[in-house]
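Let's take a walk through this fold, strand by strand, and then look at the core, the ligand and a few odd backbone spots. Have the viewer open as you read.

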Amino acid sequence: MTPRGFSSSATAGRGGQGVVNVLTSNLAPFTNPSEKDNRAAVVLTRGEGVYVYDTDGKKYLDGLAGLWSNALGNGNERIIEAAHAQLKRLAYQHTFWNRTTDIAEEYTSRLVDFGRHRGVVQTFMSCGGSDANDTNVKLAWYYWNAIGQPSRKTVIARKQAYHGVTITASSMSGMETIHKGYGPLPLPWVRHVSTPHYWKYGLPGESEEEYSARLAKELEAVIVREGPDTIAAFIAEPVMGAGGVIPPPRGYWGSIQSILRKYDILFIADEVVTAFGRLGERLGSEFYDIQPDLYTVAKAMSSSYYPLGAALITEKVADAIKNQANKFGVFGHGYTYGGHPVACAIGLECLNIYEEMQIWDHVKRMTPTFQLTLKQLETHPLVGEVRGEGFMLAIEFVADKASKSQIGTKVPPATILANECMKNGLLVRSTGHVLVIAPSLVYTMENFQEMFTKLKKSLDSFDEIV
Ligand code: PLP
C-alpha cells in the first residue's frame, strides 16, 4: 500500500529500496528543491532504540543520532511517560510576566546545577540551537550596554562553523551555502576568522602548537583592526561539527582564550552538539578546559524528543542584566514556547537518565573503540584523514594523499559513500568530501561492530564506483 502523500510509482533511485518519491509540499531544509513535482526521499516511519525503519520496513542503524541529537535513541519509555504525564497535567503555560510553571522552575534549576561547576547561574529557554544563539548575541549586546560600553557590537565567528539558520545564526555560520541567495547575509557586524584545521591548513614543518599560535595571532589582528572596543563576542563550537567534525589543534583553545581575555571579549561556546556527553564530559568546554561566559545548548538536551534549547548564563553576564533592569524594567526578550512545560518535562527526564547512567563516562569508555577502529581507514588510498573526538568522527576523501586534492566525481565521494551506507542499512551524513558519523550516546559494542561492518562493506563497493 502506498502511504498518504507518496507517489505510487517510484521506489527506485538514490539508495534503492526504501526511497520513494514524495510530493514537494514541504520546502525541505538543505535539500535541492528543483525536482518539480516530486523528489526521491527516504521516508522513515518508526524507530526503536538506535534503529529506524522506512516505509518498506527496511531497518537502518542510525549513525548520526538523527541530527547529532537523538542521544538516547527512539522509544525511551521514561521520556515518553514524562511527556504524557506533563501533557495530561498542564499542556501549556508560558513563563512571561512573572508567571511560570512548576516544571519550568524545576527543570531550569536542574540545568543550572548541571552547569554550575562551569560558572552557570541562570538559563534562558528557547526551542532549539539557532534561537538560543540569537539569544546569546542579544545577551552579549545587552551586557555591554549595561556596563557602559555600547560600541561593542561585532561578533567574531569562524569560517566553516555552523550556528544555525535564523538571520543572526546564519550570519555567524561560516558557510557559503547558508549565505548565498539571500542578499544581506552575513549581517555586517559579523567577522569570520580561519577554520582551525591543522591537517588541511597547517604549513609544511609547522607544529600543531605553532599553527594554533598563528590562528591566535590572526584573531588578535582582526580585533586590533576592528578596534577592541567594537568587539562584543567570539562564538565557537568546542569541536566544529557540521563544518566537517574538526577538533581543535593542540594548544588552540589556550591561545584563543588568552587573546579573548586580553581584550575582554565575551566567549559564547556553541555546545549545541557537544553538551550532555558527546565528548565524554558533561560539557565540551570541560573537555578542552574552555571558560565561556555564555553557553548555547539544545539537541541532546531533550534527546530530540521535543524542540528544546537554552542559553546558559554565567554570573558576570547575569549580574549585568539584573543591574540593567533598574533602567529598563523588564528584560525584553522571550519565545512563546521557551520553557514549554512538555519540553521541560522531557528535558528533566533526559537529565535524570544522563545523570543516572553517567552517560559521559559511557562515551569516554567507548571512544577509543570508535575512534581508533575507524582511524585504521586512513590506510585506504582515497582516505586523506580520519579525525574526531568522543562520539564525533569524520572521514575526508582525497584523490591524492600528498597534495590532498579532491576527488572530481560529479557526485562528491562522501555522498556516494553515504548512499552506499544507506543501501547497507546505515545512516550517516555527507558534507561532500567528508563523511560524518555521530552515533547516539547509548551505542553498545555490538552497535559499533555493526557500524564498522556496514561501513567497511560500503567502502568496498565504493572503490568500484569512484
Ligand atoms: N549550533 C550548532 C553547533 C549546531 O550544530 C546546530 C544544528 O545542527 C545549531 C546551532 C542550530 O540548532 P537548531 O537546528 O536546533 O536551530
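## The β3-β4-β5-β15 sheet

Strand β4 (residues 51-54) and strand β5 (residues 59-62) run antiparallel to each other and are paired over three bridges. If you want one pair to click on, take Y51: its bridge partner in β5 is L61. Keep in mind that this is a predicted model.

Zoom out a little and these two strands turn out to belong to an open sheet of four strands, in the order β3-β4-β5-β15, with mixed pairing. At the edges stand β3 (44-48) and β15 (426-427); each has a single partner strand, so one side of each has no neighbour in the sheet.

## Parallel strands around β7 and β9

Now move along to strand β7 (residues 154-158), which is mostly covered, with four of its five residues buried. β7 pairs with two strands, both in the parallel sense: with strand β8 (residues 190-193) over four bridges, and with strand β9 (residues 231-236) over three bridges. V155 is a handy residue to look at here, since it stands opposite V190 in β8 and also opposite A233 in β9. Elsewhere in β7, T154 stands opposite I231 in β9.

How many residues of β9 are buried? Six of the six, so β9 is largely enclosed by the rest of the structure. Besides pairing with β7, β9 runs parallel to strand β10 (residues 266-270), and four bridges join the two. One of the pairs to look for is F234 with its bridge partner F267 in β10. The link between these strands is worth tracing too: β9, helix α9 (residues 252-262) and β10 form a right-handed β-α-β unit.

## The nonpolar core

As a bit of background, nonpolar side chains in soluble globular proteins tend to be buried together. In this model, the largest nonpolar core has 127 residues, and A140, A233, I346 and L435 are the ones with the most contacts inside it. Helix α12 (residues 341-357) supplies the largest share of this core, with eight residues.

Which residues is A233 in contact with, once its neighbours within four places in sequence are set aside? The list is V137, A140, V155, I265, L266 and I268. Two of those names should ring a bell: V155 is the β7 residue that stands opposite A233, and A140 is itself among the residues with the most contacts in the core.

## The antiparallel sheet

L435, another of those high-contact core residues, takes us to a second four-stranded sheet. This one is also open, has the order β13-β14-β17-β16, and its pairing is antiparallel. Its edge strands are β13 (383-389) and β16 (429-430), each of which pairs on one side only.

At the β16 end, two bridges join β16 to strand β17 (residues 434-437), and the two run antiparallel. That's where you'll find L435, in β17, with S430 opposite.

## Around the ligand

There are 16 residues around the ligand, and the ones that come nearest are G128, G129, S130, G164 and V272. By type, the shell is made up of six nonpolar, eight polar and two charged residues.

Which helix gives the most to this shell? Helix α4 (residues 129-146), with three residues.

## Odd backbone spots

A few places deserve a second look at the backbone. The peptide bond from L185 to P186 is cis, with omega near -5 degrees. P186 is in the loop between α6 (176-179) and β8.

Then there are two non-glycine residues with positive phi. A65 has phi near 50 degrees and is placed in helix α1 (residues 65-68). N98 has a phi of about 60 degrees and is in the loop between α2 (77-89) and α3 (102-115).

Are these two spots buried or exposed? A65 has 27 C-beta neighbours inside 10 Å, and therefore counts as buried. N98 has 6 C-beta neighbours inside 10 Å, so N98 counts as exposed.

Note on methods
Residues numbered from 1 in each chain as written. Predicted model: local features only at pLDDT ≥ 70, side-chain atom pairs only at ≥ 80, totals over all residues. Near = placed C-beta within 6 Å. Nonpolar A, V, L, I, M, F, W, Y, C, P; charged D, E, K, R; others polar. Core = buried A, V, L, I, M, F, W, Y, C linked by C-beta atoms within 7 Å. Buried ≥ 20, exposed ≤ 12 C-beta atoms within 10 Å, placed from the backbone. Contact = placed C-beta atoms within 7 Å. Pairing = 2+ DSSP bridges. Right-handed = clockwise from strand over helix to strand, strands pointing away.
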